[in-house]
Amino acid sequence: MGILFSYILIGLIVLFQIYSYFSGNSRRFPKLHTGGLILGYAFIIPYILRMSPDWSSYSMQLFITLLIVILNWFSFHEDKSRFSEEELCLFGNCRNNARITGHLAHISDALSLCLLIIPFIGDMHLKVFVTTGLIAYTLVGIKVIEDYTKDGSVSDLRGLPEEEKCKRSRIMGDSWRGALNDIITVFGILLAWQTFFSCNSGACNSGSFPFNQLPKMWSGLHIKTGSNVLFYLTVVKVLVLDIGLTVVPTYTNYINTHSQHGSLPSEEYGLPRCFDN
């Protein structure tokens, strides 16, 4: 009965998503579509993990993290708001907003990779090598984002004729861009659940499942460690990788994803209509 219930839940949320795309509701009611998507997958993913325990393994966490990092670069490139000078976005000017949020997302991704990889490397030389590589990746990424969004960059359309502006609109249409961010959002929710999900001590057979999983987010703080450094690393992991990756990215994905579904037409961004196609 439990497995049948899990399959029914999964089927319902997938059908909701498909119907929302084909009916046009994802564009007409992007907040409802994105909110329903987040709540639905947040509820059914623990049932998926219960049926497939290997999905909560360390290797799968690392794979999903890398996938999110890669897809976030596509999301940044496809973001229509980075071409806009309007004061409509979270940090005011939308191009500047894309710069700030791009840097924050990139640094957050890099930090997640550091916390997920470095503590588990035993060899000191390899640890130094990987740490150096991740620092280099972070710095290169910061420069790429800066070059894409600074004054005079490819995203700066000020003073250009409409024809030239349209030549730079080589981004996905609203529906495809929204779908891309839906995928990133779902992977983010999956990763959040992966970081603390556990079926130990019969937790997955409890009548309070999946809500009994939530206290596991901060259970790592009660584990005794042999050194202060390891304890503080555990605190950072719990706060950033477990709780942080549950609350912050989910909210930011909600804000970003519903806007990518076309809740604001190009005209409101001060952009030509060609950016809607």
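What follows is a conversation about how to read this predicted model.

Visitor: Before I look at any side chain, how much confidence does the protein carry on average?

Guide: The mean pLDDT is 82, and 82% of the residues score at least 70. The spread along the chain is worth a look too. Confidence is highest in helix H6 (residues 124–149), at a mean of 95, and lowest in helix H9 (residues 228–263), at 61.

Visitor: And what should I do where pLDDT is low?

Guide: Where pLDDT is low, the predicted coordinates should not be read in detail. Keep that in mind for helix H9, with its mean of 61.

Visitor: Fine. How many helices and strands are there in the protein?

Guide: Nine helices and zero strands. Written from the N terminus, the order is simply α-α-α-α-α-α-α-α-α.

Visitor: Which contacts tell me how the chain folds back on itself?

Guide: Look at contacts by their separation along the sequence. Of the contacts here with a separation of 6 or more, 71% join residues 24 or more positions apart.

Visitor: What share of the residues is buried?

Guide: Of the 277 residues, 43% are buried. For the outside, the protein exposes about 14,900 Å², with carbon and sulfur atoms supplying 69% of it.

Visitor: Let's take one helix. How do I check the length of helix H4?

Guide: Compare its span with the expected one. Helix H4 covers residues 58–78, 21 residues in total, and reaches 30 Å from its first C-alpha to its last, close to the 30 Å expected at 1.5 Å a residue.

Visitor: Which residues in H4 are buried?

Guide: Among them are Met60, Ile64, Ile68, Val69, Leu71 and Phe76. The buried set also includes Gln61, Thr65, Ser75 and Glu78.

Visitor: Now a single residue. Is Tyr47 buried or exposed?

Guide: Tyr47 sits in helix H3 (residues 30–51). Tyr47 counts as buried because its relative accessible area is 6%, and the cut-off for buried is under 20%.

Visitor: What does Tyr47 touch?

Guide: Leaving out residues up to four places away in sequence, Tyr47 touches Phe5, Ser6, Leu9, Phe209 and Pro210. Take Leu9: Tyr47 and Leu9 are 38 residues apart along the chain, and their C-alpha atoms are separated by 8.7 Å.

Visitor: What is special about the peptide bond from Phe209 to Pro210?

Guide: That bond is cis, with omega near 5°. Pro210 is in the loop between helix H8 (174–194) and H9.

Visitor: Phe5 was on that list of contacts too. Where is Phe5 found?

Guide: In helix H1 (residues 2–23). Phe5 is partly exposed, at a relative accessible area of 37%. Phe5 also joins Phe43, Phe211 and Leu214 in a nonpolar surface patch, with about 370 Å² of accessible area together.

Visitor: On to charges. How many salt bridges does a search of the whole structure find?

Guide: The count is 10. With each pair, ask how far apart the partners are in sequence and how exposed they are. Glu146 and Arg99 pair through their side chains at 3.6 Å, N to O. This pair links distant parts of the chain, with Glu146 in helix H6 and Arg99 in helix H5 (residues 94–117), 47 residues apart. Glu146 counts as partly exposed because its relative accessibility is 27%.

Visitor: What else touches Glu146?

Guide: His103 does, and His103 also touches Ile142 and Ile145, not counting residues up to four places away in sequence. His103 is in helix H5 and is buried, at 15% relative accessible area.

Visitor: Which salt bridge stays within one helix?

Guide: Try Lys143 and Asp147, whose side chains meet at 2.7 Å, N to O. Both lie in helix H6, four residues apart, about one turn of the helix. Asp147 is partly exposed, at 31% relative accessibility.

Visitor: And what about Arg273 and Glu267?

Guide: Their side chains form a salt bridge at 2.7 Å, N to O. Arg273 counts as exposed at 64% relative accessibility, while Glu267 is partly exposed at 40%.

Visitor: Which residues are linked in a network of salt bridges?

Guide: Glu85, Arg95, Asp151, Asp156 and Arg158 are linked that way.

Definitions and conventions: Residues numbered from 1 in each chain as written. Predicted model: local features only at pLDDT ≥ 70, side-chain atom pairs only at ≥ 80, totals over all residues. Heavy atoms only, no water. Patch = residues over 30% accessible without salt bridge, like charges linked within 9 Å, V, L, I, M, F, W, Y side chains within 5 Å. Areas by Shrake-Rupley, 256 points an atom, 1.4 Å probe, with all protein chains shown as cover. Salt bridge = Lys/Arg side-chain N within 4 Å of Asp/Glu carboxyl O. Helix = DSSP H or I, 4+ residues; strand = E, 2+ residues; numbered from the N terminus. Buried < 20%, exposed > 50% of the residue type's maximum accessible area, 1.4 Å probe, protein only. pLDDT = per-residue confidence, 0-100. Contact = heavy atoms within 4.5 Å. Expected span 1.5 Å × (residues − 1).
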